[in-house]
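Welcome to a set of short exercises with worked solutions. Have the sequence and the 3D view ready, and try each task before reading on.

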Amino acid sequence: MQIAVIKGDGIGVDVTDAALGLVDAALARTGQIALQYRQVQAGAGYYREQGRDIEPGGEVACGKADAIFLGAIGLPAIRHADGTEISPHLRLRDRFQLYAGVRPVRAYPNVPQRLADPRAAQIDLVILRESTEGLFYSAAVHGRSEVIDNSEVRDVLRITRKTTEKLHRFGFELARKRKQQGRPGKLTCVDKANVFTSMAFFRQIYDEIAPQFSDIQTDYNYVDAQALDLIRRPWDFDVLVTENMFGDILSDLAGGLVGGMGMAACAEIGDDTGLFQPAHGSAPDIMGQDRANPLAAVMSAALMLEYLAEKADEPTLLDAAQLIDAAVANGFAQNRLRPFEFGGDMGTRAITAELLDLLQASGKD
């Protein structure tokens, strides 16, 4: 299997190397064939050097791969003339219709809990963010905004039946899978249906599909109330399905509840391919200092292995994914993972080395 790898900018290089090193070790530990990596140059640094945000043929190479792994994109000082940042990854989402943005949110022991309530230790939910439409349909990289005489800009929020049906089915199926794993099996539709016709349409399609999944509990929340409830009672939620911009904001909020963006893994899945990346930025303020927390990238890599297992009908790849997940969980439980991000004493290389030790020891007496 071939993976298109975009290391990108800032700490993207370091966290990508850490994540793929764990993938290689997990596959070797389970006796499986190594993945092949095809490097694709892209990002703000590449734009500064070459005047374009991705190498010639880069998007085609990504489409031919079995999956795409992305480190981080963007450097605040490098922007287009209109002030927007370099963002080829948004174009990849659009080109390959990666509509299902999966953002797991899970609390681990010995990670700072931002909420005083002891139930915060039980947080285990997924934000399912539609990633091709909504307000991001008008993202600057797509050139769809309407600029009127340099005095007004209109951005379109787009909701289509085709994409929204696929998103909601993905959400119900994800909730069903989690129910089989012992989780609640509840899908909450997060919208602003009381104000916007587009959001009422989003909820209408949810209601049309829900009867096909009678085993899954349904629920609703307006996005402003959902933001409140992620602070007030996040342990009551399982899977949240939402529009693009709402999901972007809520997933960062939720990530803060379980430590920070260094724990924010992400999968963006379409009908034919998937892109996997840590949801944090390129953090140029710490690039090259061995201070980045690689765990979001590592857990994104585990999501990639889960995706490949299903896509290629190779269930043994799940073994490698589970080894990585177990290494992370055991590392925190044993207080062996102490990222600088959380006030600890471990940088990228130290965390990666500890995870490799934990992975190699897994399953041994």
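**Exercise 1. A proline in a loop**

Does Pro 339 count as buried or exposed, and at what relative accessibility?

Solution. Start with the ground rules. This is a predicted model, in which local features need pLDDT of at least 70 and side-chain atom pairs count only at pLDDT 80 or more, while totals for chains, interfaces and linings use all residues. Residues are numbered from 1 along each chain as its sequence is written, and side-chain values use heavy atoms, with hydrogens and water left out.

Step 1: learn the cut-offs. Buried means under 20% relative accessible area, exposed means over 50%, and partly exposed is in between (1.4 Å probe, protein chains only).

Step 2: apply them. Pro 339 has 1% relative accessibility, so Pro 339 counts as buried.

Step 3: find its place. Pro 339 sits in the loop between α10 and α11. Helices (H or I, at least four residues) and strands (E, at least two) are DSSP runs, numbered from the N terminus.

Step 4: look around it. Contact means heavy atoms within 4.5 Å. Leaving aside neighbours within four places in sequence, the contacts of Pro 339 include Asn 293, Leu 295, Phe 332 and Ile 351. By contrast, look at Phe 276: it is 63 residues from Pro 339 along the chain, and their C-alpha atoms are separated by 22 Å.

**Exercise 2. The whole chain**

Work out whether the protein chain is as compact as a globular protein of its length.

Solution. Step 1: count the elements. The chain has eleven helices and twelve strands.

Step 2: compare with the rule. The radius of gyration is taken over C-alpha atoms, and the globule rule is 2.2 Å times the number of residues to the power 0.38. For 365 residues the rule gives 21 Å; the chain has 20 Å, which is close, so it is as compact as a globular protein of that length.

Step 3: add some context. Along the principal axes, the C-alpha atoms fill a box of roughly 60 × 50 × 40 Å. Of the 365 residues, 52% count as buried. Among contacts between residues at least 6 apart in sequence, 75% join residues at least 24 apart.

**Exercise 3. Checking helix lengths**

Compare the expected span of α1 and of α5 with the distance between their end C-alpha atoms.

Solution. Step 1: take the formula. The expected span is 1.5 Å times one less than the number of residues.

Step 2: try α1. Its 18 residues (12-29) should span 26 Å, and its end C-alpha atoms are 25 Å apart, which agrees.

Step 3: try α5. Its 20 residues (161-180) should span 28 Å, and its end C-alpha atoms are 28 Å apart, which agrees.

Step 4: see what follows each helix. Just after α1, Gly 31 takes a positive phi of about 70°. After α5 comes Gly 182, with a positive phi near 100°.

Step 5: list buried residues. In α1 they include Val 15, Ala 19, Leu 22, Val 23 and Leu 27. In α5, Leu 167, Phe 170, Gly 171 and Leu 174 are among them. An α-helix has 3.6 residues a turn, so residues three or four places apart point the same way.

Step 6: find the partners. The buried residues of α1 pack against strands β1, β2 and β3, and against helices α9, α10 and α11.

**Exercise 4. Two leucines**

How far apart are Leu 317 and Leu 305 in sequence and in space?

Solution. Step 1: place them. Leu 305 is in helix α9, and Leu 317 is in helix α10.

Step 2: take the distances. They are twelve residues apart in sequence and 6.0 Å apart in space, C-alpha to C-alpha.

Step 3: check burial. Leu 305 is buried, with a relative accessible area of 0%, and Leu 317 is buried too, with 6%.

Step 4: compare contacts, leaving out residues up to four places away. Leu 305 is in contact with residues including Val 23, Leu 27 and Leu 317. Leu 317 touches Leu 27 and Leu 305, among others.

**Exercise 5. Positive phi**

What is the phi of Gln 97, and what is the phi of Asp 313?

Solution. Step 1: Gln 97 has a phi near 50°, a positive value in a residue other than glycine. Step 2: Asp 313, also not a glycine, has a positive phi near 55°. Step 3: Gln 97 lies in the loop between α4 and β4, and Asp 313 in the loop between α9 and α10. Step 4: Gln 97 counts as partly exposed at 32% relative accessibility, whereas Asp 313 counts as exposed at 63%.
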